[in-house]
Every structure is written in structure tokens, then in C-alpha cells.
Amino acid sequence: MEFAEELNQNLIIQMVQMLSENGIGVADESFIRDLGLIIEMTKGSIYRSMGIPHPTHAFFATMVF
């Protein structure tokens with residue numbers, strides 16, 4: 001689980017840096033709010049691949065056919 005958390009953190013940091021470098025307003029309030037969802041969805045995907053349960057799995061099952 002610790003590996004998944006660290007991997008997720010590193011992915012999010014790289015993503016935010018890349019978005020910022022490409023002119024996306026990463027300091028905007030709406031982006032910061034959305035980022036929370038992105039973080040949890042990414043973490044859920046990592047957890048699923050490692051066989052660890054996560055609350056987002058039910059959401060994915062509903063949204064992805």
C-alpha cells in the first residue's frame with residue numbers, strides 16, 4: 001500500500017508540473033478542487049491493479065462499461 005501511495009503521489013506531481021508547463025492554470029480554485037478527484041481515481045486504478053480494495057472501484061464499475 002505504501003508503494004501505491006508513493007507511486008500515486010509521484011504521478012500526480014508529474015502531471016501537475018506538465019499541465020502547468022503547458023499553460024494550464026493549476027493554481028485555479030476549480031483545478032485544485034478537481035485535482036482531489038483525479039488523485040483518488042488514479043489511486044483507485046493503482047490499487048485495483050495491485051488487488052487492493054478502494055472506494056472508487058464501485059464508481060468505475062458504474063461509469064465504465
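## The buried side of α2

In this predicted model, helix α2 tucks away Phe31, Leu35, Met41, Lys43, Gly44, Ile46 and Tyr47 as its buried residues. Note that a lysine, Lys43, is on that list. What do these buried residues pack against? Their partners are α1, covering 2-21, and α3, covering 56-63.

The helix itself takes in residues 29-49, which makes 21 residues. From first C-alpha to last, α2 reaches 31 Å, close to the 30 Å you'd expect at 1.5 Å a residue. After α2 comes Gly51, with a positive phi near 75 degrees.

## Where α2 meets α3

Now for the packing of α2 on α3. Their axes sit 9 Å apart and make an angle of about 95 degrees. An angle of 65 to 115 degrees counts as roughly perpendicular, so that is the label for α2 and α3. On the α2 side, the contact is made by Glu40, Met41, Gly44, Ser45, Tyr47 and Arg48, while α3 brings in Thr56, His57, Phe59 and Phe60. Sorted by type, the residues of this contact come to 4 nonpolar, 4 polar and 2 charged.

Some names turn up twice here: Met41, Gly44 and Tyr47 are among the buried residues of α2, and Met41, Gly44 and Tyr47 also take part in the contact with α3.

## A closer look at His57

His57 belongs to helix α3. Is His57 buried or exposed? Its relative accessibility is 15%, and since buried means under 20%, His57 counts as buried.

Which residues does His57 touch, once neighbours within four places in sequence are left aside? The list is Gly44, Tyr47, Arg48 and Ile52. Of these, Gly44, Tyr47 and Arg48 are also on the α2 side of the helix contact. Gly44 deserves a second look: its backbone oxygen lies 2.9 Å from a polar atom of the His57 side chain. Gly44 is itself one of the buried residues of α2.

## The chain as a whole

Zooming out, the chain has 3 helices and 0 strands, and its elements run α-α-α from the N terminus on. Taken along the principal axes, the C-alpha atoms fill a box of roughly 35 × 25 × 20 Å.

How many of the 65 residues count as buried, as a percentage? The figure is 25%. As for how the chain folds back on itself, take the contacts between residues at least 6 apart in sequence: 39% of them join residues at least 24 apart.

Conventions:
Residues numbered from 1 in each chain as written. Predicted model: local features only at pLDDT ≥ 70, side-chain atom pairs only at ≥ 80, totals over all residues. Heavy atoms only, no water. Helix = DSSP H or I, 4+ residues; strand = E, 2+ residues; numbered from the N terminus. Expected span 1.5 Å × (residues − 1). Buried < 20%, exposed > 50% of the residue type's maximum accessible area, 1.4 Å probe, protein only. Contact = heavy atoms within 4.5 Å. Polar contact = N/O pair within 3.5 Å; in protein donor to acceptor, adjacent residues only side chain to side chain. Axes fitted to C-alpha atoms, helices over the stretch in contact; angles between N-to-C directions. Parallel < 35°, antiparallel > 145°, perpendicular 65-115°, else oblique. Nonpolar A, V, L, I, M, F, W, Y, C, P; charged D, E, K, R; others polar.
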